[in-house]
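Please open the model in your viewer, with the sequence panel beside it, and follow the stops below in order.

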Amino acid sequence: MSPENTKKTIAFLGASGGVGLATLSRALATGHTCIALCRTPSKLTDRFPEAKHPNLTVIQGNAHDASAVARCLLGRERPADTVISSIGGVFQFSCMTIDDPQVCQKGMAALLEAITRVRQEYGVTEARWRPRIVVVSTCGISKAGRDFPLATLPIYKFMLKVPHADKVEMERLLMGGMGDKGYTYSIVRPSLLNDDAQPERKIRAGVDDKPPVGYAISRDDTGRWIFENLLNREAQDGYENKIVTITW
């Protein structure tokens with residue numbers, strides 16, 4: 001298979017920072033066609049000027065707007081092969097919540113509606129288009145048992161209670177809609193995120209009911225893991241329709 005045939009069209013929701021930005025930068029550097037939805041396009045166009053990154057298209061819009069998401073999914077010459085959703089809210093310590101307590105579930109509802117719109121309005125059948133949806137979720141919500149160190153229990157069970165409820169609903173919507181919408185998914189649950197990138201450090205991964213237990217992982221390393229294991233492989237990666245927990 002030629003290198004050109006291995007390149008994907010990837011739609012990004014929430015790529016202006018954090019995990020999404022780390023994934024996007026690697027996808028651009030290796031020649032994938034990237035379509036990013038961004039409320040403020042200059043956050044990406046200033047960082048990735050068109051002259052140096054002709055494989056990036058930035059669409060202005062909100063990830064809660066199904067019409068805008070549908071435009072992002074349509075890509076350039078073909079619908080997106082993969083969708084990376086890493087949207088999230090800003091944590092507010094004063095009230096132990098995030099600025100939009102339903103940011104992830106509203107984003108997922110819009111994404112699923114957008115898939116339906118693309119199929120209905122543009123005649124894109126499931127036989128022609130079966131995208132892979134990759135979402136960034138979180139540790140601390142597993143039903144298979146504790147997936148975080150006991151010392152961090154207060155953080156996961158009290159401080160992050162509101163954003164975790166949002167992630168649970170996001171995952172429920174994603175897994176529940178798979179049969180009707182015609183897509184596959186991978187849910188990535190990183191441990192506590194920080195900005196201390198450590199590219200030389202080993203990342204541990206466990207699928208479904210066998211999560212590794214760890215304290216933290218950086219946003220950049222999470223994006224690197226997603227790129228290397230879910231985007232830049234030709235063969236089956238073993239994470240399709242799976243929940244994968246990652247940590248240092």
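Select Ala127 to begin, in the loop between α4 (103-122) and β7; helices (H or I, at least four residues) and strands (E, at least two) are DSSP runs, numbered from the N terminus. Ala127 counts as exposed because its relative accessibility is 79%, where exposed means over 50% relative accessible area, buried under 20% and partly exposed in between (1.4 Å probe, protein chains only). If you add Lys52, which is 75 residues away along the chain, the two C-alpha atoms are separated by 35 Å. Before you go further, note that this is a predicted model, in which local features need pLDDT of at least 70 and side-chain atom pairs count only at pLDDT 80 or more, while totals for chains, interfaces and linings use all residues. Residues are numbered from 1 along each chain as its sequence is written, and side-chain values use heavy atoms, with hydrogens and water left out.

Next, select strand β1, residues 9-13, which is largely enclosed by the rest of the structure because five of its five residues are buried. Colour its two faces separately, and you will find that both are covered, with Thr9, Ala11 and Leu13 buried on one side and Ile10 and Phe12 buried on the other. Which strands pair with β1? Strand β2 (residues 33-38) pairs with β1 in the parallel sense over five bridges, and strand β4 (residues 82-85) does so in the parallel sense over four bridges, two strands being counted as paired if DSSP finds at least two bridges between them. Phe12 is a convenient residue to centre on, since its bridge partner in β2 is Ala36 and its bridge partner in β4 is Ile84.

Now select α3 (66-74), where Ala66, Ala68, Val69, Ala70, Cys72 and Leu73 are buried. The buried residues of this helix pack against β1, β2, β3 (56-60), β4 and α4, with contact meaning heavy atoms within 4.5 Å. At the start of α3, a side-chain oxygen of Asp65 reaches to within 3.0 Å of the backbone nitrogen of Ser67. At the other end, the helix is followed by Gly75, which has a positive phi near 65 degrees.

From here, turn to the nonpolar cores, each a set of buried Ala, Val, Leu, Ile, Met, Phe, Trp, Tyr and Cys residues joined through side-chain atoms within 4.5 Å. In soluble globular proteins, nonpolar side chains tend to be buried together. The largest core here has 33 residues, and those that touch the most other members are Leu13, Leu37, Leu73, Leu111, Ile115, Ile133 and Leu174. Helix α4 gives the most to this core, with eight residues. Centre on Ile115 and you will see that it touches Leu73, Trp129, Ile133, Lys181 and Tyr183, leaving aside residues up to four places away in sequence. A second, separate core has 29 residues, among them Ala27, Val136, Phe227 and Trp248.

How many aromatic pairs does a search of the whole structure find? There are two, where rings of Phe, Tyr and Trp (its six-membered ring) pair if their centres lie within 6.5 Å, and planes under 30 degrees apart count as stacked, over 60 as edge-to-face and the rest as tilted. Phe148 and Tyr156 form a stacked pair, 4.5 Å centre to centre with 25 degrees between the planes; Phe148 is buried at 3% relative accessibility, and Tyr156 is buried at 2%. Trp225 and Tyr239 form an edge-to-face pair, 5.1 Å centre to centre with 65 degrees between the planes. This pair links distant parts of the chain, for Trp225 is in helix α8 (residues 219-231) and Tyr239, 14 residues apart from it, is in the loop between α8 and β12 (242-247). Both Trp225 and Tyr239 are buried.

Finish in the loops. Select Ser142, in the loop between β7 (132-136) and α5 (153-159), which is buried with a relative accessible area of 18% and touches Asp147 and Arg189, not counting residues up to four places away in sequence. Asn241, in the loop between α8 and β12, has a positive phi near 55 degrees although it is a residue other than glycine, and it is partly exposed with a relative accessible area of 27%.

How values were computed. A polar contact is a pair of N or O atoms within 3.5 Å; within protein, one must be able to donate a hydrogen and the other to accept it, and residues adjacent in sequence count only if both atoms are side-chain atoms.
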